[in-house]
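Welcome to the tour. Open the model in your viewer, keep the selection panel at hand, and follow the stops in order.

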Amino acid sequence: MDRPSTRASGVVATAAVHVGIAALLLAGWQVAQPKPQPKPIIAVPIPAPVDRPELVAPRTSDLPISVDITQPVWDEARPDPVVSPPVDRATGGTDTGDTGIGQPPLPPPVAIGPTRGARLIAATTMQPPYPSASRALGEEGSVELMVSIDDRGQVSGVNLLRSSGHARLDAAAIAFALKRWRFEAALDKGKPVAASRRFTIRFNLSAG
């Protein structure tokens with residue numbers, strides 16, 4: 001009977017000890033917990049109110065006055081066109097009774113002459129004599145020449161455009177054109193001018 005009572009006393013004592021310890025811990029936590037500090041007060045300056053001027057509507061008399069006056073448009077006087085009286089070609093005056101005294105005479109009409117190329121004079125022989133050496137050798141062919149003619153109708157130069165294939169025939173054609181050919185000069189509105197013409201000379205033994 002003594003053992004159960006002893007155990008119960010031990011349990012009660014242990015529980016009492018735990019309760020005491022818990023009470024001490026709770027009291028210590030309350031003592032150690034810091035108290036909350038109060039929040040600082042910040043002073044914010046408030047600007048003084050500004051008095052705004054009252055808006056006053058302008059009076060009609062205070063507004064600027066703009067006057068736009070349209071300038072009148074005047075018709076400019078235009079001079080009458082000057083009409084020259086017709087000229088009488090017979091007297092040099094006008095048909096309004098003017099006799100032409102004191103008036104400059106009209107220039108004579110300019111005559112426009114013909115325009116044409118240089119022409120070979122009819123009495124001129126175009127065909128040069130057949131070189132005897134070429135005839136003996138049986139040389140034949142055609143020579144094409146460009147002949148320059150001055151404003152007097154004389155041959156001033158001869159250029160070989162196409163050879164006959166034989167130097168003797170070419171030289172005979174050029175020499176004959178320079179020495180024997182004569183032309184009527186080319187005309188430009190009636191005025192003699194220099195010109196050029198193309199000619200072909202044929203050397204053919206069957207032609208004699």
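A residue is called buried under 20% relative accessible area, exposed over 50%, and partly exposed in between, with a 1.4 Å probe and protein chains only. This is a predicted model, where local features need pLDDT of at least 70, side-chain atom pairs count only at pLDDT 80 or more, and totals for chains, interfaces and linings use all residues. Residues are numbered from 1 along each chain as its sequence is written, and side-chain values use heavy atoms, leaving out hydrogens and water.

**Stop 1: the whole chain**

Start with a cartoon view of everything. Helices (H or I, at least four residues) and strands (E, at least two) are DSSP runs, numbered from the N terminus. The protein chain has 3 helices and 7 strands, in the sequence pattern α-β-α-β-β-α-β-β-β-β. Of its 208 residues, 17% are buried. Switch on a surface and you are looking at about 17600 Å² of exposed area, 60% of it supplied by carbon and sulfur atoms; such areas come from the Shrake-Rupley method with a 1.4 Å probe, and for residues only the protein chains shown count as cover. Contact means heavy atoms within 4.5 Å. Among contacts between residues at least 6 apart in sequence, 67% join residues at least 24 apart.

**Stop 2: the sheet**

Now select strand 2 (residues 141-149), strand 3 (residues 155-162) and strand 7 (residues 195-203). Two strands pair if DSSP finds at least two bridges between them. In which order do the 3 strands of the open sheet lie? The order is 3-2-7, with antiparallel pairing. Strand 3 and strand 7 are the edge strands, each pairing on one side only. On average, neighbouring strands of this sheet are turned by 25° against each other, direction ignored. Axes here are lines fitted to C-alpha atoms, for helices over the stretch in contact, and angles run from 0 to 180 degrees between N-to-C directions.

Zoom in on the strand 2 and strand 3 side, where 6 bridges join the antiparallel neighbours. Val147 has Val158 of strand 3 as its bridge partner, and Ile149 is matched with Val155. The two strands form a hairpin with 5 residues between them, and Gly153 in the turn has a positive phi of about 90°. On the other side, strand 2 and strand 7 pair over 9 bridges, again antiparallel.

Next, select Glu144 in strand 2. Its bridge partner in strand 7 is Thr200. Is Glu144 buried or exposed? At 14% relative accessibility, Glu144 counts as buried. Beyond residues up to four places away in sequence, Glu144 touches several others, including Asn159, Arg162, Arg198 and Phe199.

Add helix 3 (residues 167-180) to the view: helix 3 packs on the sheet, touching strand 2, strand 3 and strand 7, and its direction makes about 155° with that of strand 3.

**Stop 3: the aromatic pairs**

Show the rings of Phe, Tyr and Trp (the six-membered ring for Trp): they pair if their centres lie within 6.5 Å, with planes under 30 degrees apart counted as stacked, over 60 as edge-to-face and the rest as tilted. The whole structure has 4 aromatic pairs. Pick Tyr130 and Phe203: their ring centres are 5.5 Å apart and their planes stand at 80°, so this pair is edge-to-face. Tyr130 lies in the loop between strand 1 (119-120) and helix 2 (132-137) while Phe203 is in strand 7, so the pair ties together parts 73 residues apart in sequence. Tyr130 is buried at 15% relative accessible area, and Phe203 is buried at 3%.

Then move to Phe183 and Phe199, a tilted pair with 5.8 Å centre to centre and 50° between the planes. This pair links Phe183 in strand 4 (residues 183-184) with Phe199 in strand 7, 16 residues apart. Phe183 is buried at 4%, as is Phe199 at 7%. Add Trp181, and you have a cluster of Trp181, Phe183 and Phe199 linked by ring pairs.

**Stop 4: the core**

A nonpolar core is a set of buried Ala, Val, Leu, Ile, Met, Phe, Trp, Tyr and Cys residues joined through side-chain atoms within 4.5 Å. The largest one has 18 residues, and those with the most contacts inside it are Leu145, Val147, Trp181, Phe183 and Phe203. Strand 2, strand 3, helix 3 and strand 7 each supply at least two residues of this core. Finish on Phe203, whose contacts outside four places in sequence include Tyr130, Val143, Leu169 and Ala172.
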